[in-house]
Amino acid sequence: MESVLDETDLLTQLITALGSPLAIVLPQQLARNVAAFRDVYSGHRLAGQIFYAHKANRSSALVRELAAGNAGIDVASLAELQHALGAGFAPRRIIATGPKNRDLLWLAARSGITVSTDSLAELSELAALVTKPALSPVPVQVRLSEFTSTGVHVGARRSRFGVPAAAMNQVLDLLDKHPGVFELSGVAYHLDTIGLSEKAVALEGCLLALDEARSRGQRPWSVDVGGGFGVNYLADGDQWDAYTSALSQAVLGKREPLTWNAHGYGLRAEGGTVRGSLQLYPAHRPVAGAAYLDRLLQTAAPQQRRPLGQLLLDSMYDLHVEPGRALLDQCGMVLASVLEVRDDDGDTIVRLDCNARDVSLEEHGVLMDPVVVHRAASTDARPVQAYLFGNLCLEADLITRRKVFLPSRPQAGDVLAFVNTAGYFMDFSATQALRQPVARKVAMWREHNAWQWCLDEQYWPVRTGVEAA
Amino acid sequence: MRFEAMTDVIGNTPLVRIDPAVHGLRHIDLYAKMESLNPFGSLKDRAAWNMLLPLLSRSGRDGRTVVELSSGNTAKALAVLAGMHGLSFKSITNRMKVPEIKDLLLLLGAEIDELPGQAECLDPTDTGDPLTRMHQRLAGTGGDHLHTDQYFNELNVEAHLHGTGPEIVKDLDGRAPDYFVACVGTAGSSTGVATALRQHHRDVQVVGLVAHKSDFIPGIRTIDEVHEVGLFDPGVYSCIETITADDAIDGLLTLVRRCGMLAGPTGGGAYQGAVRYLRAVDAGLTERRTAVFIVCDRVESYLSYVRDRRPELFGQLPRRNSAATLTGADLAQASTVEVAEAEQWVTERRGLVVDLRSPFAFRALHIDGSINIVDELFAELLHGGLPFGRGQSVLLVCPVGEKSARYAALLARMGHPQVRSLDGGIIAWRDAGAPLVRD
């Protein structure tokens, strides 16, 4: 990513030609991230599939690059499934998760992908689609929720997804009612938490559910632990500590605000005491991505008191994961043109030709300073503290409510690069409100010792190779 | 000494001088207030009892549950006190970080409720913090809870204002110390003691100790966390200093090894922070001064906390016959058998088949006729010597043939001539289509 940022001329030409904002994806980095997960698998001697959660980014280049490797893909809509099939994924490498309409279930059943089912009703709906006319058995995995813990009650947020673990017998009854229609491949959980102890309870619960299925004559072989492995956005933990301390002080009014209109990011002052909790993604996460998976597998199962990875291996189960953000670490950035820089009531304002939905940092609580790409040599090399305004006619349209600290003052015409935005932040919520354009997307890759580029939809991982050079 | 109830034993703890040869301060007498000698083991016994007492006199308390947001000494004291008065106790906590305390609470009959961890996909519109969630939960259950609310309850401060603080003055012959050093947790003890001392001597210097932000020290909050505490008033402290987990353990070691005080990390941190602060003061002094710090609780509950951070303190001799000591040459000696041969071996019942996987996995699927000794247990057996005779043939089975090969090598090194490892493990066996049974 850093070497892309050095390509000042190329980046400024691209944004001139294709408009601001402009999204850039780096498909080659994906392979490295997949490899890091594979290393954890081999370390624990485990087999299974790494399903990229497509919802993290709409890019075709990223999906096609993955299709060229050995990873799988997790789709959550009809269009995502079509996209994955069209990008070259064989059905056995595709799994459908999340809320599904009938059309998605129809295509899933016909193409033979695995369906990760959310409810008994969905399973019944799928059965009707499979039996009329009769198709070969559809691989299904059952997503479970509401796992019970013993000893210490481990709380978990209520989820809209999944069959309660205690209702596994009803799933098995339903499978018995439709012999030859389904092939139970395994069970799954997906918890929206960074806490390991909740996940340990869930994983052990899945093992118990699989055992129940085996005792009823099913032959499941996998556990899918979903995603939520996270990304470390900040190398230096002390910086994060210093910033969050300063933010608490600012909320208490003990220092000048660090945010627009003294926004507290979930903290508020009440009678000299800070209340609330910090609603920010923990920017410094020393154990994230593949390392988090490793930590989870090393965690002891609460009841059997043996590492979860060891239990999976003992039972000969495959481990599936569905990382989104973690696989896209360092895989993309968003560029935006600077329209105006002005000083206003003691604050520096940088107005950009993009809006908060194009770089949805605020929505996900991630605090990343952009990198300034100067078109010409900077005339003012001093650091500057600035607020970043967007291009929507809305008071709330700040790219981030936080004051950002830039190493040199940008000027109109310069470009700000928001790095590491590939997971969720690039186009998950991009909108055409006010008829403002949604960012064009460009794929960049290294070939012949130089950066090459094309529009995202033009990218296929077919290199011209050395022979053509 | 005769008492009617254990609650009468709370308080009146000794004030004990630290030998100057240990701390090295020339002009300062340093005293430890031994709160660890309270009946349930900590300073928190006072606050817990003071906060619970008025709730007990309320009518209709029968069958109710005492609740507190605590994962440490307050929970422990409340669990004991609740049990003494026919009530149950529930501890609501973000995460139980000290395993011994968790087990102790369960032993005392407490219920532990862990709050969910932070969401991975952040929802910025969800502004619920643990305290708010707990209050919601308590309100939602029809008010049959007795909530002691240690972070906001003035009775927490009063326990020390009328107890701990005046006791120190009395033991110093009616004089307040010149320096009081306290770790800040709920801020109840530091605020209460400081206020009491200042009623005697306006100029008492009060040093508040907080934990370094990236560290965890049980019972001490970080500089950010203290601002979330209702009882915390920065005006109480002459200065706030930071200590690390390393400091706390250094102090703990000094107290337990040299002073006869079996203090936990909070007390250790208080000692270390006090000496560091006072050393600078001491250099400029010509007259005698007095300083007091608090030994909050006892060391026994923190053995795993210390072990995690200073494993070398628990240095044990390497155990005999350990797989960890195998060399490359040893491993080369392990004899293995391929699946096809192993199948024959099993059908002809040529010897013992030992499956090293977990009982859970074994129960689900295993080789017919095999016995299950999970690897941890097997390792324990080997420390003692050969678990079967030299004439007994053995086939070891594990998931992928890696662990079984190590144990086969170890057994060969121990002099057993007939131990083999299933090459590729039970996964290779399954993949070859060899039979597996479920009983």
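**Figure 1. Strand 20 and strand 21 of chain A form a hairpin.** Strand 20 of chain A and strand 21 of chain A (residues 450–455) pair in the antiparallel sense, over six bridges. Strands here are DSSP runs (E, at least two residues) and helices are DSSP runs (H or I, at least four), numbered from the N terminus. Two strands count as paired if DSSP finds at least two bridges between them. Within this hairpin, A:Ala443 stands opposite A:Cys454 of strand 21 of chain A. Two residues lie between the strands, and A:His448 in the turn has a positive phi of about 50°. The model is predicted: local features need pLDDT of at least 70, side-chain atom pairs count only at pLDDT 80 or more, and totals for chains, interfaces and linings use all residues. Residues are numbered from 1 along each chain as its sequence is written, chains are lettered from A and ligands numbered from 1 in the order in which they are written, and side-chain values use heavy atoms, with hydrogens and water left out.

**Figure 2. A:Phe229 and A:Tyr292 form an edge-to-face aromatic pair.** Over all chains, a search of the whole structure finds 15 aromatic pairs. In this one, the ring centres are 6.2 Å apart and the planes meet at 70°. Rings of Phe, Tyr and Trp (its six-membered ring) pair if their centres lie within 6.5 Å; planes under 30 degrees apart are stacked, over 60 edge-to-face, and the rest tilted. A:Phe229 lies in the loop between strand 10 (222–224) and helix 10 (237–251) of chain A, and A:Tyr292 in helix 11 (residues 290–298) of chain A, so the pair ties together parts that are 63 residues apart in sequence. Both A:Phe229 and A:Tyr292 are buried. Relative accessible area sets the class: buried is under 20%, exposed over 50%, partly exposed in between (1.4 Å probe, protein chains only). A:Phe37 joins A:Phe229 and A:Tyr292 in one aromatic cluster.

**Figure 3. A:Tyr233 and A:Phe425 form a tilted aromatic pair.** The centres are 5.9 Å apart, with 40° between the planes. The pair links distant parts of the chain, 192 residues apart. A:Tyr233 is in the loop between strand 10 and helix 10 of chain A; A:Phe425 is in the loop between strand 19 (415–419) and strand 20 (440–447) of chain A. A:Tyr233 and A:Phe425 are buried.

**Figure 4. A:Arg64 and A:Arg325 each sit over an aromatic ring.** A:Arg64 lies over the face of A:Trp460, 3.8 Å from the ring centre. The charged end of A:Arg325 is over the ring of A:Tyr281, at 4.3 Å from its centre. The criterion is NZ of Lys or CZ of Arg within 6 Å of the ring centre and within 35 degrees of the ring normal.

**Figure 5. Backbone details appear at A:Pro21, A:Arg305 and B:Asn321.** The peptide bond from A:Ser20 to A:Pro21 is cis, with omega near -5°. A:Pro21 is in the loop between helix 2 (8–18) and strand 1 (22–25) of chain A. A:Arg305 is a residue other than glycine with a positive phi, near 55°. Its loop runs between helix 11 and helix 12 (308–314) of chain A. A:Arg305 is exposed, at 68% relative accessible area. B:Asn321 also is not glycine, and its phi is positive, near 50°. B:Asn321 lies in the loop between helix 11 (303–309) and helix 12 (328–332) of chain B. B:Asn321 counts as buried, at 16% relative accessibility.

**Figure 6. A five-strand open sheet takes strands from chain A and chain B.** The order is 7(A)-5(B)-4(B)-3(B)-6(B), with parallel pairing. Strand 7 (153–154) of chain A and strand 6 (145–147) of chain B stand at the edges, each with a single partner strand, so one side of each has no neighbour in the sheet. Strand 3 (residues 65–69) of chain B pairs with strand 6 of chain B in the parallel sense over three bridges. B:Val66 stands opposite B:Leu146 in strand 6 of chain B.

**Figure 7. B:Gly230 touches residues of chain A and chain B.** B:Gly230 is in the loop between helix 8 (223–226) and strand 9 (239–243) of chain B. B:Gly230 is partly exposed, with a relative accessible area of 29%. Its contacts (heavy atoms within 4.5 Å) are A:Thr273, B:Tyr151 and B:Phe152, not counting residues up to four places away in sequence. The C-alpha atoms of B:Gly230 and B:Phe152 are separated by 4.7 Å, though the residues are 78 apart along the chain.
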